[in-house]
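Welcome! Take a moment to look over the sequence and turn the model around before reading on. Then we can walk through it together, topic by topic.

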Amino acid sequence: MVVALTVASCSGEEAAVETGEGRLVVTGADGAVALVDPVDGGSEVLAEGGRVEAVVQPTASRDGTTVVWTEAGPGGPAVAVHQNSETRRVPVPAAPFFYLFAPGGDRLAALGNDPDGSGVALIIVDLARGVGDIVDTGQPYFMDWHPDGDRLVAHIGGDVLATVTVDGGRQLLGVEPGTFQAPQVTPAGRVLAVVGAGGVTAAAAAETLTAQVGGGSLALIDAEGESFERLATASSLVSFEMAPTGDRVAYVDGLGGGGTALGPLRVVASDGSSSEMVADAVVAFEWSPGGEHLLFLALDRQEGLVPRVWDGSVAVEHPGFLPTRVFLSQYLPFWFQYARSVTQWSPDGTAFAYAAVGDDGVGRIWVQPLAGERRDLGEGEMVTWAP
């Protein structure tokens with residue numbers, strides 16, 4: 001590993017600044033992957049840069065004990081699995097470009113290009129057995145795990161919303177999906193999604209059809225998809241995320257910009273009883289781990305992306321930045337799928353991190369505490385946070 005993952009040193013006084021817990025998963029411009037301490041900048045290199053194998057999509061498990069990434073080289077694609085200071089490789093039939101850990105951490109759902117040309121392949125990787133198989137295909141393919149860890153809820157091809165078991169069995173939900181990317185499954189097993197203007201199928205309860213207004217609805221759907229509770233009307237591409245507390249949903253209903261909604265950010269109560277406007281021209285957002293704060297990236301023609309943090313009443317603005325090429329092209333267009341898998345928030349919710357282009361045109365990693373000045377941790381193309 002060379003300069004791509006160098007980190008800034010700091011004095012003892014600087015280290016005392018509140019910068020969050022956990023470690024950062026940093027991707028270098030040369031393909032290196034490292035775990036970086038957000039306070040002292042110390043790093044553990046997981047994958048050296050400049051290798052023959054292309055290394056992409058490092059993703060940490062929800063408990064921080066495992067980091068996976070894709071290695072594609074002459075020997076064929078593999079999932080690199082780093083646990084207990086060791087790395088092993090699981091061969092897979094397609095190179096994944098997205099990972100989602102199952103709730104128990106023993107399985108991975110991964111997406112890659114189907115080698116048979118059937119669009120996107122859903123690959124289920126059994127980490128204990130060290131095997132990965134394609135179980136379903138579709139184009140596009142978005143998903144979230146059900147709390148039981150034995151099935152996913154998937155939005156496939158734009159017109160299918162279904163549960164998909166780990167062996168590929170599909171069970172259609174009784175609703176017509178609207179325009180959105182990834183569904184979100186609540187701890188109780190309900191599905192947060194956009195229901196289209198056609199509402200529910202004939203098999204569903206007829207009275208729910210009256211919930212439809214205009215072009216569709218942001219809604220909470222029951223486990224079988226036979227009824228839903230409308231939270232807000234939808235007219236365009238909708239991006240959304242429920243707070244970890246389960247009482248609020250943040251969403252943008254706006255113009256599509258490369259797959260990501262661009263428009264006003266609103267927060268609605270999860271029972272639909274109240275709604276409030278937070279900001280205009282927002283391209284991405286994410287709740288803090290405890291649900292107290294909402295981080296969002298507002299678009300500004302002069303500053304690029306401006307991070308702001310809303311506490312339920314006011315939004316505090318932080319320095320704007322230009323995202324790195326990797327952040328801009330690989331993550332932001334599909335942020336509301338990535339929001340189910342990775343986070344820019346520290347585990348304690350006191351700081352967030354991002355990758356920005358420096359004055360010299362080189363990507364750098366920044367940690368921004370909610371209270372205090374941001375810190376430059378050195379060069380890097382992408383960063384997410386691991387517990």
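How many residues lie between β9 and β10 in their hairpin, and which residue in the turn has a positive phi? Six residues lie between these two strands, and the residue in the turn is Gly-117, with a positive phi of about 85°. Please keep in mind that this is a predicted model. Here is a guided tour, starting with the whole chain and then moving to single strands, residues and rings.

**The chain as a whole**

- The chain has three helices and 31 strands, so you will meet many strand names below.
- Of its 387 residues, 54% count as buried.
- If you take the contacts between residues at least 6 apart in sequence, 42% of them join residues at least 24 apart.
- About 15400 Å² of the chain is exposed, and carbon and sulfur atoms supply 50% of that area.

**Strands β8, β9 and β10**

- Let us begin with strand β9, which covers residues 107-113: six of its seven residues are buried, so the strand is mostly covered.
- Strand β8 (residues 96-101) pairs with β9 in the antiparallel sense, over five bridges.
- Within this pairing, Phe-98 stands opposite Leu-111 in β9.
- The hairpin of β8 and β9 has five residues between the strands, and Gly-105 takes a positive phi near 80° there.
- β9 is also joined to β10 by seven bridges, and these two strands run antiparallel.
- Leu-111 has a bridge partner in β10 as well, namely Leu-122.
- As a general reminder, strands of a sheet pair through backbone hydrogen bonds, either parallel or antiparallel.

**Ile-123, a residue in β10**

- Ile-123 is found in strand β10, which spans residues 120-126.
- Is Ile-123 buried or exposed? Its relative accessibility is 0%, so Ile-123 counts as buried.
- Leaving aside neighbours within four places in sequence, Ile-123 is in contact with ten residues if you count through this full list: Val-92, Ala-94, Pro-96, Leu-108, Ala-109, Ala-110, Gly-112, Gly-132, Asp-133 and Ile-134.
- Ile-123 and Thr-137 are 14 residues apart in sequence, and their C-alpha atoms are 9.0 Å apart in space.

**An open sheet of four strands**

- Four strands form an open sheet in the order β12-β13-β14-β15, with antiparallel pairing.
- Which strands stand at the edges of this sheet? They are β12 (141-145) and β15 (170-172); each has a single partner strand, so one side of each is left without a neighbour in the sheet.
- Neighbouring strands of this sheet are turned against each other by 30° on average, direction ignored.
- Strand β14 (residues 160-165) is joined to β15 by three bridges, and the two run antiparallel.
- One residue pair to look for here is Ala-162 and its bridge partner in β15, Leu-172.

**Ala-47, a residue in β3**

- Ala-47 is found in strand β3, made up of residues 43-47.
- Its relative accessibility is 3%, and because buried means under 20%, Ala-47 counts as buried.
- Although Ala-47 and Val-33 are 14 residues apart along the chain, their C-alpha atoms are separated by 4.9 Å.
- Apart from neighbours within four places in sequence, Ala-47 is in contact with Gly-31, Ala-32, Val-33 and Trp-69.

**Aromatic rings**

- The structure holds nine aromatic pairs.
- In one of them, the rings of Phe-180 and Phe-240 have their centres 5.8 Å apart and their planes at 40°, so this pair is tilted.
- That pair links distant parts of the chain, 60 residues apart: Phe-180 is in the loop between β16 (175-177) and β17 (184-185), whereas Phe-240 is in strand β21 (residues 237-242).
- Both Phe-180 and Phe-240 are buried.
- The rings of Phe-327 and Trp-335 have centres 6.3 Å apart and planes at 70°, so this pair is edge-to-face.
- Phe-327 counts as buried at 0% relative accessibility, and Trp-335 does too, at 2%.
- These two residues belong to one aromatic cluster, formed by Phe-321, Phe-327, Trp-335, Trp-345, Phe-352 and Tyr-354.
- Finally, find Trp-366: the charged end of Arg-374 sits over its ring, 3.9 Å from the centre.

Key: Residues numbered from 1 in each chain as written. Predicted model: local features only at pLDDT ≥ 70, side-chain atom pairs only at ≥ 80, totals over all residues. Heavy atoms only, no water. Buried < 20%, exposed > 50% of the residue type's maximum accessible area, 1.4 Å probe, protein only. Contact = heavy atoms within 4.5 Å. Areas by Shrake-Rupley, 256 points an atom, 1.4 Å probe, with all protein chains shown as cover. Pairing = 2+ DSSP bridges. Axes fitted to C-alpha atoms, helices over the stretch in contact; angles between N-to-C directions. Phe/Tyr/Trp six-rings, centres within 6.5 Å; stacked < 30°, edge-to-face > 60°. Lys NZ or Arg CZ within 6 Å of the ring centre and 35° of its normal.
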